[in-house]
Amino acid sequence: MNENELLRTPVFNVVERFFKGQQFCLLKNRDWVNVFAFSGPNLWLVEQKRFGGEYLTVEPAGGLVENEQSNKDAAKEELQEELGLVAAEMVHAGSFMPNPGLMNNNCHCYIAIDCEPIVNHSPEEGVKPVSLSSSELKSWLFDTPPVHGLVIASALLVARKASLLRRHHPDWSEAFRALVD
């Protein structure tokens, strides 16, 4: 497969590929992580502006996996930077390709259990911590426009691991299991 780089940015590169006489364009990205953070009775998320849609979203903490960084370390870093939390336990819920037709990266989803706040933490600029109760899960995922596809996919991976939440967060275990029942 022949490949030519068309554009290089700090976040992704655009490449042109030729395969069996056809031209394709691909966004080459680093992998992403997101973290569903549980502390006490709440799920902690971040509100931030998403410039592609020019609106505010409420979504799990997350970001790019830096070079030479493990997915789990990236998830821990995003949890600390965006929410000011440290998890007692960090569990990989699964991974998926956000858009394999145009992109080469994976999104790795984590569950942060029994999070504790970092003393004197200041969130990143433009990021506001938001908490949800378990009774708000379905409404947040499906009824709050705009619906964020990556968040729904990630929540379904967390739902597959809902039994892990039962010990520390039984209400959340049931709320996530209800998504797939």
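Here are five short exercises on this structure, each with a worked solution.

This is a predicted model, in which local features need pLDDT of at least 70, side-chain atom pairs count only at pLDDT 80 or more, and totals for chains, interfaces and linings use all residues. Residues are numbered from 1 along each chain as its sequence is written, and side-chain values use heavy atoms, with hydrogens and water left out.

**Exercise 1. Pairing at the N terminus**

Work out how strands S1, S2 and S3 are joined.

Solution. Begin with the terms: strands (E, at least two residues) and helices (H or I, at least four) are DSSP runs numbered from the N terminus, and two strands pair if DSSP finds at least two bridges between them.
- Step 1: S1 (residues 2-8) and S2 (residues 12-19) run antiparallel and are joined by 6 bridges. Glu-3 has Arg-17 in S2 as its bridge partner, and the two strands make a hairpin with 3 residues between them.
- Step 2: S2 also pairs with S3 (residues 22-29), again antiparallel, over 8 bridges. Here Phe-19 is bridged to Gln-22 in S3.
- Step 3: Look at the turn of this second hairpin, which has 2 residues between its strands; Lys-20 takes a positive phi near 50 degrees there.

**Exercise 2. Positive phi in two loops**

Find where Glu-68 and Asn-120 sit, and decide whether each is buried or exposed.

Solution. Keep in mind that most residues other than glycine have a negative phi. For accessibility, buried means under 20% relative accessible area, exposed over 50%, and partly exposed in between (1.4 Å probe, protein chains only).
- Step 1: Glu-68 has a positive phi of about 70 degrees. Its place is the loop between strand S7 (61-64) and helix H1 (71-83), and at 83% relative accessible area Glu-68 is exposed.
- Step 2: Asn-120 has a positive phi near 60 degrees. This residue lies in the loop between S9 and strand S10 (128-132), and Asn-120 is exposed too, at 75%.

**Exercise 3. A loop asparagine**

Which residues does Asn-105 touch, and is it buried or exposed?

Solution.
- Step 1: Place Asn-105 in the loop between S8 and S9. Its relative accessibility is 0%, so Asn-105 counts as buried.
- Step 2: List its contacts (heavy atoms within 4.5 Å). Beyond residues up to four places away in sequence, these are Asn-29, Arg-30, Asp-31, Trp-32, Phe-96, Met-97 and Pro-98.
- Step 3: Follow the side chain of Asn-105, which reaches the backbone oxygen of Arg-30 at 3.2 Å.

**Exercise 4. Helix H3**

Check the length of H3, then find what its buried residues pack against.

Solution.
- Step 1: The expected span is 1.5 Å times one less than the number of residues. For the 12 residues of H3 (149-160) that gives 16 Å, and the end C-alpha atoms are 17 Å apart, which agrees.
- Step 2: Its buried residues are Val-151, Ile-152, Ser-154, Ala-155, Leu-157, Val-158 and Ala-159.
- Step 3: These pack against elements including strand S4 (32-39), strand S9 (107-117) and helix H4 (170-180).

**Exercise 5. The largest nonpolar core**

Which residues touch the most other members of the largest nonpolar core?

Solution. Such a core is a set of buried Ala, Val, Leu, Ile, Met, Phe, Trp, Tyr and Cys residues joined through side-chain atoms within 4.5 Å.
- Step 1: Among its 30 residues, Trp-140, Trp-172 and Phe-176 touch the most other members.
- Step 2: H3 gives the most to this core, with 6 residues.
- Step 3: Leaving aside neighbours within four places in sequence, Phe-176 contacts residues including Phe-36, Leu-137 and Val-158.

Notes:
Polar contact = N/O pair within 3.5 Å; in protein donor to acceptor, adjacent residues only side chain to side chain.
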